[in-house]
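The following questions and answers go through one chain, from its overall make-up to particular helices and loop residues. Please keep the sequence and the model in view while reading.

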Amino acid sequence: MQETSSSYRRLKFMGTQNESSVNKILVCDDNQRLDHIVHIFAEKQMARKRYETNAWHSYFRRITNNMIVFYQNNAALFYDDIQYDTEQLELTSSTFIHGDLHVGQFLYHLSDVSHERVFKVQRYTKTAAPFTWDLKRLATNLALIAYCHGFSDMEMIEILEMFIRQYIKKVLSWNKKSLRSQQSSDDDQICHMKPWKLQKKYSVIGLLEVQQQLYDIDWQSIDTVKSLMTLAQQLAIATAHLHCQPPITISSLKNSTNLAMDNTADHCTQTLQMALSSKVLQQKLIDEICYFAIIYAEIVERDHRLFFKNFRNETKFQCVNTIKNFKIPRPLANVRRETVLIVGGGIGGMATALAFAQAGIRVRLLEKNLEFAEVGAGMQLAPNCSRILDRLGILKHVQANAVFPKQIVWMDAVSGERLTCIDLGDKFVEDFGYPYIVVHRADLLYALYQACLASYMVTMETNRTVISVDERPESMMVECADGMRYDCGMVVAADGLWSSLRKFVCDDGAPLSVGYVTYRGTVEIDQVSKEAGLENVQFWIGPDMHLVQYPIRRGELFNQAAVFKSSRLPDETDEWGTKQELNERFNIGCQHVLNALNLIQTNFRWPVYDRNPLLKWSRGRLVLLGDAAHPMLQYAAQGAAQALEDAYALVAAYKKHGQSKIHAVFHEYEKERIARSSKVVQFARDIGTFAHQNGVAKIARDAVLRSHDMNNFDSLKWLYAEKQNQDE
């Protein structure tokens, strides 16, 4: 806002008479401005109620919910270039216009005190003065709405100029014949105005009947650039219509025949057309109105912060007891411009931030929690994951706290039989270039966090909950629950399984569950029997259940996860997959499994979810990544690896095409990643089905496992090897 206001200050007022009022506000200090605001409210709005606590509280509750009403109290800014007769008359039969707006001769608003509709008519000594007032009032309301929704400076100027030019076009093209043909179509197009009633008014000029559809504006429904553009166009047309209507003269019908002929509609229209006939005069008007509206929005921002900051301080208002902990429902907030914004501070979000930083691209990362932390315990990192960590420069830091298991062993959870294994020794490392490691999730996140923290290209913020996104022509506006807004060239949604941004791309409902639940945790290594196989990843499989065990954090902790299918249908409660069911399901296990179950922490329960693959991960300037794009079952141990691969592919595409070709970036990223990640999602499902067999299917499965060569990695090359062939 400051940048635009400064540029507009370089323009001259070009003769407008309200320069002095604006300058007085701009040059006064905070205390002077606060005193002025209090004086306006006390004298104009709270007359004879200055020290009544309830009246003040009621008034401020209303104005915090409607900032438009709040800043109408600065009406002096609009009066300077309006001259009208001192006599103000009220009609006995009200004629309502747009709602809380001054139009032509009519001033209509909802009273803050009585809550009633107030209608006044003012007779102006200058025929052309009312339309200047109207354009300023309407442009100011448009600017305020745009400002409060965080629209960019250029978008605000575009909206204002479109409004004024549309108004000028309508006035210059006005004629009585076109009025009849255009009126119905114009009324049909109005979408942000709520019909109040159809009014009839008899003009004393020839006793002609004037019929006008009248509306109250629902300002709360205006939340996108497109909707505000639509409203601005409608307001311009409606205002031009009203200005070209015959003026209402306040006089009795007996004297109507003596009215001057220059009060005719033709004369009124001709006066406006003459004032707007020159291109130079048109541009002068546009510059003046835009200047006024944007400067006024800057004053609004200052006043809003200043007044409510001090209103919460009881010492500022003697004899008035303010509300404790009073908060503004929707405060005005600054808008930060970001090249790349990443939503989600988990492993995928951190990896993406680090990858962008290493490419020399500045990013901002938002995390909804109060701190960066991973929920969970151990995780397995296959070679394709380590490969990306190496490229990010943090593999050694991760490996410093990791364990390098010798084998992945498949065990029968019921009989205790060793069925097969995958050897993770020299041949495995030679084939895939990296070892298989197991780590604590927190250790991996911490390594990513420290790398991001060390980079001046990454800014990380916590306690930022994104509540909405708004697609703009050249950017994406992201709004947080605390009112902070970010105007972004690109938004990366890395906010996990329960992503709030995924629905912007594809609203496919909640994640899918087939009724499996996980209980997991870690224990000190000295609590575990050596028979547990402390050098391996052990995968104990049984009917609709399995147990995974392996050491982590340099061998100091032992990680365990017990997974089983509940006999109840999954829902949003925690009444299925209970501890009782856990014990019942694993009761058929061998002694080792039963012993392990006693060490598993049962105070945390994780239902198992995934989603069906999407065909597209992006919309506009927002793109999905990690679990927000392709959540998968844990059976393939590929969740983190696929998020890291996403991060690397996205940044590679961005470096190739740049921000100016964001659609090309997303197209290449999706082409690279969707088919592969979708295959991994299905692969994880297949492993779960394979591991949880029973009956004849279990007998056949066990036979396949027993015949497996522990040094045969052909089935894993498509996933672990650097050269990936999705068709294999």
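Q: What percentage of the contacts in the chain with a separation of 6 or more is accounted for by residues 24 or more positions apart?
A: This is a predicted model, in which local features need pLDDT of at least 70 and side-chain atom pairs count only at pLDDT 80 or more, while totals for chains, interfaces and linings use all residues. Residues are numbered from 1 along each chain as its sequence is written, and side-chain values use heavy atoms, with hydrogens and water left out. With contact taken as heavy atoms within 4.5 Å, the share that comes from residues 24 or more positions apart is 74%.

Q: How many helices and strands does the secondary structure of the chain come to?
A: Helices (H or I, at least four residues) and strands (E, at least two) are DSSP runs, numbered from the N terminus. On that basis, the secondary structure of the chain comes to 24 helices and 23 strands.

Q: Are α21 and α22 roughly parallel or roughly antiparallel to each other?
A: Axes here are lines fitted to C-alpha atoms, for helices over the stretch in contact, and angles run from 0 to 180 degrees between N-to-C directions. The axes of α21 (residues 639-657) and α22 (residues 662-691) come within 8 Å and cross at roughly 155°. Angles under 35 degrees count as roughly parallel, over 145 as roughly antiparallel, 65 to 115 as roughly perpendicular and the rest as oblique. The two helices, α21 and α22, are therefore roughly antiparallel.

Q: Which helix gives the most to the largest nonpolar core?
A: A nonpolar core is a set of buried Ala, Val, Leu, Ile, Met, Phe, Trp, Tyr and Cys residues joined through side-chain atoms within 4.5 Å, where buried means under 20% relative accessible area, exposed over 50% and partly exposed in between (1.4 Å probe, protein chains only). Of the 75 residues in the largest such core, Leu622 and Leu650 touch the most other members. The helix that gives the most to this core, with 9 residues, is α21.

Q: Which residues of α22 does leucine 650 contact, its neighbours within four places in sequence being left aside?
A: Leu650 is one of the α21 residues that meet α22. Its contacts beyond the sequence neighbours include Thr352, Phe356, Met490, Val492, Val623 and Leu625. Those that belong to the α22 side of the helix contact are Val665, Phe666 and Tyr669.

Q: Which residues of α20 are met by α19?
A: The axes of α19 (579-586) and α20 (residues 591-599) are 10 Å apart, at an angle of about 165°, and these helices are therefore roughly antiparallel to each other. From α19, the residues in the contact are Leu582, Asn583 and Phe586, and from α20 they are Val593, Leu594 and Leu597.

Q: Is alanine 637 buried or exposed?
A: Alanine 637 is found in the loop between β23 (622-624) and α21, and has a positive phi of about 50° although it is not a glycine. Its relative accessible area is 17%, so alanine 637 counts as buried.

Q: How far apart in space are proline 570 and glycine 515, C-alpha to C-alpha?
A: Proline 570 lies in the loop between β20 and α19 and, at 32% relative accessibility, counts as partly exposed. Not counting residues up to four places away in sequence, proline 570 touches Ser513, Gly515 and Trp576. Proline 570 and glycine 515 are 55 residues apart in sequence, and their C-alpha separation in space is 5.2 Å.
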